[in-house]
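Welcome! Here is a short briefing to help you find your way around a new structure. Take a look at the picture first, then read on.

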Amino acid sequence: MDLTIALMLAQDGLTNGAIYALLALALVLVFAVTRVICIQQGEFVAYGALTLAMMQSGSVPATVWLLVALGAAVAVLDGAAALKAGQGRRLAAVLGWNLAGPLALAGLLAVLPVPSLPLAVQVGLALAVVVPMGPFMYRLVYQPIASAPVLILLIVSVAVHV
């Protein structure tokens, strides 16, 4: 082993250690606030990378359709609650944020020549697809059982992960 290989291994070790440290910090922060051990954080990291890769290959990422499905489910839940409470104005906001936003993003990704855009814009679009999945997942999966014991939340988190 020469100095070049040792430096490459050191850089790789530092990079991997930093990634693990950030994921551990995110796990602790999410648990401290919500009491949920968010096992599926790895999926969100993979979704971000795969979304960017699919956009760079010139196709609409499949995660966009997952985002639209999650948004539609949240829109149904919150829309039904708004109608039950007699809040017509809130219904428009619910449909706008949860359904129209993801559909507009899907349409934008379908018509934009994403591979020719600068990398910073591509990363921003990938984040725009992946970041809303967290609140949607929380609303659909964890908010209805927020008062459950930590063990139940862990079991649900493993189920979402699988």
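Helices are DSSP runs of at least four residues, numbered from the N terminus. Keep in mind that this is a predicted model. A good place to start is helix H3, which runs over residues 62–84.

**Annotated spans**
- According to the unreviewed UniProt entry, "transmembrane region" applies to residues 20–42, 62–83, 95–113 and 145–161.
- Residues 62–83 are 100% helix and 0% strand, with end C-alpha atoms 31 Å apart.
- Residues 145–161 are 71% helix and 0% strand, and their end C-alpha atoms lie 17 Å apart.

**Helix H3**
- Because each residue should add 1.5 Å, the 23 residues of H3 should span 33 Å, and this agrees with the 33 Å between its end C-alpha atoms.
- Its buried residues include Thr63, Val64, Leu67, Gly71, Asp78 and Ala82.
- The buried residues of H3 pack against four helices: H2 (41–56), H4 (88–111), H5 (119–130) and H6 (133–142).
- Just after H3 comes glycine 86, with a positive phi of about 75 degrees.

**The largest nonpolar core**
- This core has 19 residues, and those touching the most other members are Met55, Leu105, Leu109, Leu125, Val129 and Met133.
- Two or more residues come from each of H2, H3, H4, H5 and H6.
- The most come from H3, which gives 5 residues.
- Beyond its neighbours within four places in sequence, leucine 109 is in contact with Met55, Val60, Pro61, Val64, Val114, Leu125 and Val129.

Definitions and conventions
Residues are numbered from 1 along each chain as its sequence is written. This is a predicted model: local features need pLDDT of at least 70, side-chain atom pairs count only at pLDDT 80 or more; totals for chains, interfaces and linings use all residues. Side-chain values use heavy atoms; hydrogens and water are left out. UniProt positions are given in the numbering used here, feature names are shortened, and annotations may be inferred rather than shown by experiment. The expected span of a helix is 1.5 Å times one less than its number of residues. Buried means under 20% relative accessible area, exposed over 50%, partly exposed in between (1.4 Å probe, protein chains only). Contact means heavy atoms within 4.5 Å. A nonpolar core is a set of buried Ala, Val, Leu, Ile, Met, Phe, Trp, Tyr and Cys residues joined through side-chain atoms within 4.5 Å.
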